[in-house]
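Please open the model in a viewer and keep the sequence panel at hand. The tour proceeds by selection, from one residue outward.

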Amino acid sequence: MTAATDTDLNVLIVDDEAPARARLRSLLDELPNVRISGEAATGEEAIELALSGSPDVLLLDVRMPGMDGIEAARHLAQLNKPPAVIFTTAYDEYAINAFDAHAIGYLLKPIRKEKLEAALTRAAQLSRPQIQKLTAARPAEPRTHVAARHRESLKLIPLEEVIYFLADQKYTTVRHSRARI
């Protein structure tokens, strides 16, 4: 691998199995603009290294002794600048929980280089620290309207006219002073 640059994606590998970490390390060494910032074998170690090293992305196994990857991801999501999380696992049944924990990717073992590269490309585009930097640089304008789909059109409703929102299964109704959409 070449020398690290400011544009490199810093990746932390987290897996309780040394061969799995070695495989990920080998795949990452083949990819441009990627730097391995460390390795961890448990969820607890992952959090410690994430706090001290500020990785951009974690490649995180789901099933590990002690704190599993899902719980570690939930803790990491609470950080001011949380890293992007890509789960790397042999189990497909944890995917929903993984995305509930704010994962941006879910790769099944054995991991192929092309899939890993695609997930890291998404992580580089969507990394939470980058998004936070962009939004911090430009203060958010306060929202003045809510956009609501009504039949085949989109209606803008001023916030001061909204009385309440009613969620019912997959639909939300907006009750406002002029009508109900």
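Begin by selecting Val14, which touches Ala40, Thr42, Ala46, Leu58, Leu59, Leu60, Asp61 and Met64, leaving aside residues up to four places away in sequence; contact means heavy atoms within 4.5 Å. This is a predicted model, in which local features need pLDDT of at least 70, side-chain atom pairs count only at pLDDT 80 or more, and totals for chains, interfaces and linings use all residues. Residues are numbered from 1 along each chain as its sequence is written, and side-chain values use heavy atoms, with hydrogens and water left out.

Next, extend the selection to the largest nonpolar core, which has 21 residues; Val14, Leu58, Leu60 and Phe87 touch the most other members. Such a core is a set of buried Ala, Val, Leu, Ile, Met, Phe, Trp, Tyr and Cys residues joined through side-chain atoms within 4.5 Å, where buried means under 20% relative accessible area (1.4 Å probe, protein chains only). Two or more residues each come from β1 (9-14), α2 (43-53), β3 (57-60), α3 (69-76) and β4; helices (H or I, at least four residues) and strands (E, at least two) are DSSP runs, numbered from the N terminus. The largest share, four residues, belongs to α3.

A second, separate core of 18 residues can then be shown, including Ile13, Leu24, Leu31 and Ile86.

Now turn to the aromatic rings, where the structure holds one pair. The ring centres of Phe87 and Tyr106 are 6.4 Å apart and the planes stand at 50°, so the pair is tilted (centres within 6.5 Å; planes under 30 degrees apart are stacked, over 60 edge-to-face, the rest tilted). Phe87 lies in strand β4 (residues 84-89) and Tyr106 in strand β5 (residues 105-108), 19 residues apart. Phe87 counts as buried at 0% relative accessibility, and Tyr106 counts as buried at 16%.

Technical notes
Phe/Tyr/Trp six-rings, centres within 6.5 Å; stacked < 30°, edge-to-face > 60°. Buried < 20%, exposed > 50% of the residue type's maximum accessible area, 1.4 Å probe, protein only.
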